Amino acid sequence: MNFKSIIIAVAITAFFVSNTANAQGNTIDSVATSKVQHFNFDDMASETIGKGIKRKWFHGEKGQMTIFNLEKGAHIPWHQHPNEQITYIMSGKVKIKTIIDGKETFVEVGAGEVIVFPENVPHEFWALEETVDLDVHVPVRQDWLSKELPDYLKKTKK
């Protein structure tokens, strides 16, 4: 198993651990009626959602996973959402503005590093180089389920 597979497995495990309380209440009947889904990022088409920003994503009942491909200089504007976000930088490097200990702070996150944003914590990204970013959101981002981009993504610039 390669390093990339291990990190993806850790992200998926973190997602399921966050839902352990619900899983413990399942019965054989409820598990049998659950829908198992199978995805392959390599087979998915990318969608352009801003200048220099492409994504591929899927969701289950309780969470979602996204791969962002960011060109150097790509910018994801300041925003927040009612979802926990686990971000793993698979390759490249980003500069992130967020709130840590009540202060607006800048953090650089590079290949192999993870940053976790609790729900409703604002954040903003700049790609310092070409970057591949794997995000897990729990619960599913309701603002992504429509075909309309959220307002903050309409403000992307490069």
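Six strands of this predicted model form an open sheet, in the order β1-β2-β3-β10-β5-β8, with antiparallel pairing. At its edges are β1 (47-50) and β8 (114-117), each of which pairs on one side only. From one strand to the next, the twist averages 25°. Strands of a sheet pair through backbone hydrogen bonds, and the pairing may be parallel or antiparallel.

Within this sheet, strand β2 (residues 53-59) and strand β3 (residues 64-70) pair in the antiparallel sense over seven bridges. One position to look for is F58, whose bridge partner in β3 is M65. R55 is also found in strand β2. The C-alpha atom of R55 is separated by 5.5 Å from that of I67, although the two residues are twelve apart along the chain. Is R55 buried or exposed? R55 counts as buried because its relative accessibility is 4%, and the cut-off for buried is under 20%.

A second arginine can be read in the same way. R141 lies in the segment after β10 (131-138). With a relative accessible area of 1%, R141 is buried. What does the side chain of R141 contact? The side chain of R141 makes a polar contact with the side chain of D143, at 2.6 Å.

Both R55 and D143 appear again in the lining of the second largest pocket. The rest of that lining is made up of E47, W57, W144, L145, S146, K147, E148, L149 and P150. Sorted by class, the lining of this pocket has five nonpolar residues, five charged residues and one polar residue. The space in the second largest pocket comes to about 150 Å³.

The other sheet to follow is built from four strands. It is open, its order is β4-β9-β6-β7, and its pairing is antiparallel. Its edge strands are β4 (75-79) and β7, and each of these pairs on one side only. Neighbouring strands of this sheet are turned by 20° against each other on average, with direction ignored.

Starting from the β4 edge, β4 and strand β9 (residues 123-127) pair in the antiparallel sense over three bridges. Two positions help to set the register of this pair. I76 stands opposite F125 in β9, and H79 stands opposite H123 in β9. How much of β9 is covered? Strand β9 is mostly covered, with four of its five residues buried.

The next step across the sheet leads from β9 to β6. These two strands pair in the antiparallel sense over five bridges. Here V94 stands opposite A127 in β9.

The last step leads from β6 to the β7 edge. Strand β6 (residues 93-100) and strand β7 (residues 103-110) pair in the antiparallel sense over eight bridges. I96 has V107 as its bridge partner in β7. The strands β6 and β7 form a hairpin with two residues between them, and in this hairpin D101 takes a positive phi near 55°.

Some of these strands also meet at an internal space. Rolling a probe the size of a water molecule over the atoms shows where empty space is left. How many cavities of 30 Å³ or more are there? The count comes to one cavity of that size. The largest cavity has a volume of about 90 Å³. It is lined by 14 residues, and those closest to its centre are F68, I76, H79, D135 and Y152.

Which strands supply the lining of the largest cavity? Strands β4, β9 and β10 each supply at least two of its residues. The largest share, three residues, comes from β10. Thus the lining takes residues from β10, a strand of the six-stranded sheet, as well as from β4 and β9, which belong to the four-stranded sheet. By class, the lining of the largest cavity has seven nonpolar, four polar and three charged residues.

Two residues tie the cavity back to the pairing described above. I76 and H79 are among the residues closest to the centre of the largest cavity. In the pairing with β9, I76 faces F125, while H79 faces H123.

Notes
Residues are numbered from 1 along each chain as its sequence is written. This is a predicted model: local features need pLDDT of at least 70, side-chain atom pairs count only at pLDDT 80 or more; totals for chains, interfaces and linings use all residues. Side-chain values use heavy atoms; hydrogens and water are left out. Two strands pair if DSSP finds at least two bridges between them. On a 1 Å grid over the protein atoms alone, a cavity is a set of points where a 1.4 Å probe fits but cannot get out, and a pocket is an open set with protein on both sides within 12 Å along at least five of seven lines; lining residues have an atom within 4 Å of a point. Grid points are joined across faces, edges and corners, and a volume is the space filled by probe spheres set on the points. Ala, Val, Leu, Ile, Met, Phe, Trp, Tyr, Cys and Pro count as nonpolar, Asp, Glu, Lys and Arg as charged, and the others, Gly among them, as polar. Axes are lines fitted to C-alpha atoms, for helices over the stretch in contact, and angles run from 0 to 180 degrees between N-to-C directions. Buried means under 20% relative accessible area, exposed over 50%, partly exposed in between (1.4 Å probe, protein chains only). A polar contact is a pair of N or O atoms within 3.5 Å; within protein, one must be able to donate a hydrogen and the other to accept it, and residues adjacent in sequence count only if both atoms are side-chain atoms.
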